[in-house]
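Colleague: Could you walk me through how the pieces of this fold are arranged? I would like to start from one residue pair and work outwards.

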Amino acid sequence: GFIAPSDQLTVGYIGCGTQGMREMTTLIANPKIRIVAVCDPNKLTTDYIDWSPNGIRDGIRKALEDPTWGEKFTGIPGGRDIGQQFVEKYYAKDKSGKKYKGCASYQDFRELLEKEKDVDALKIMTPDHLHATISIAAMKKGKHVVIHKPIANLMYESRLTIDTAKNTG
């Protein structure tokens, strides 16, 4: 059942808001995937809007097996600091109490694409109007993408995204 790090899919995670963090709590548990970078224009915020006031916090607590995580937050947490902290704390669970520092953090997806040469794929969890822009830029860099629906807000952008996927393989 052991999966060597060299056999894991390395993922850059773009969008650490409510939907992004909600999906990250299940994605991170997949042993075939290793999240190595997160990106969000928000550094840290606790004023996201969600279906419940504690849903994101409870999902992270469950994944980390830490019922005290996020006690200091009075609102709904998100942003690149929350994403990075969650990833590093999750992967540190396998290190017998040692710190894990293997997740880079970026404010701008373009910087992530320039610096994270070994990322295999991007999980794009941004607001809809950025799906096409980020996907096209990533595919042009040879990265695979998983886009949260919809592909784009405009038909032109959708077609451009699909054409880019076909042309870049």
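Modeller: Happy to, and please keep in mind that this is a predicted model. A good place to begin is Val11, whose bridge partner in strand 2 is Ile35.

Colleague: Which residue in strand 2 is the bridge partner of Thr10?

Modeller: Strand 1 covers residues 9–14 and strand 2 covers residues 33–39, and the two pair in the parallel sense. Val11 is matched with Ile35 in strand 2. For Thr10, the bridge partner in strand 2 is Arg34.

Colleague: How many bridges link strand 1 and strand 2?

Modeller: The Val11 and Ile35 match is one of the pairings to look at. Between strand 1 and strand 2, the parallel pairing runs over six bridges.

Colleague: In what order do the five strands of the open sheet lie?

Modeller: The pairing in this open sheet is parallel. Its edge strands, each pairing on one side only, are strand 3 (104–106) and strand 5 (144–147). On average, neighbouring strands are turned by 25° against each other, direction ignored. The order of the five strands is 3-2-1-4-5.

Colleague: Is strand 1 mostly covered or mostly uncovered, and how many of its residues are buried?

Modeller: Buried here means under 20% relative accessible area. By that cut-off strand 1 is mostly covered, and the number of its six residues that are buried is five.

Colleague: Which strands does helix 3 lie across?

Modeller: Helix 3 spans residues 80–92 and runs at about 155° to strand 2. The strands it lies across are strand 2 and strand 3.

Colleague: How is helix 1 oriented relative to helix 3?

Modeller: Helix 1 (residues 18–27) packs against helix 3 at an angle of about 10°, with the axes 11 Å apart. Angles under 35 degrees count as roughly parallel. Met21, Met24 and Thr25 of helix 1 make the contact with Ile82, Gly83, Phe86 and Val87 of helix 3, a set of five nonpolar, two polar and no charged residues. The angle therefore makes the orientation of helix 1 to helix 3 roughly parallel.

Colleague: What is the handedness of the crossing where helix 5 passes helix 6?

Modeller: The axes of helix 5 (residues 131–140) and helix 6 (residues 155–168) come within 10 Å and cross at roughly 15°, which means helix 5 is roughly parallel to helix 6. Among the helix 5 residues in this contact are Ala132 and Ile136, and helix 6 brings residues including Leu160 and Ala165. The contact residues divide into five nonpolar, four polar and two charged. As for handedness, the crossing of helix 5 with helix 6 is left-handed.

Notes:
Residues are numbered from 1 along each chain as its sequence is written. This is a predicted model: local features need pLDDT of at least 70, side-chain atom pairs count only at pLDDT 80 or more; totals for chains, interfaces and linings use all residues. Side-chain values use heavy atoms; hydrogens and water are left out. Axes are lines fitted to C-alpha atoms, for helices over the stretch in contact, and angles run from 0 to 180 degrees between N-to-C directions. Helices (H or I, at least four residues) and strands (E, at least two) are DSSP runs, numbered from the N terminus. Angles under 35 degrees count as roughly parallel, over 145 as roughly antiparallel, 65 to 115 as roughly perpendicular and the rest as oblique. A crossing is left-handed if the near helix is turned anticlockwise from the far one by less than a right angle, and right-handed if clockwise. Contact means heavy atoms within 4.5 Å. Ala, Val, Leu, Ile, Met, Phe, Trp, Tyr, Cys and Pro count as nonpolar, Asp, Glu, Lys and Arg as charged, and the others, Gly among them, as polar. Two strands pair if DSSP finds at least two bridges between them. Buried means under 20% relative accessible area, exposed over 50%, partly exposed in between (1.4 Å probe, protein chains only).
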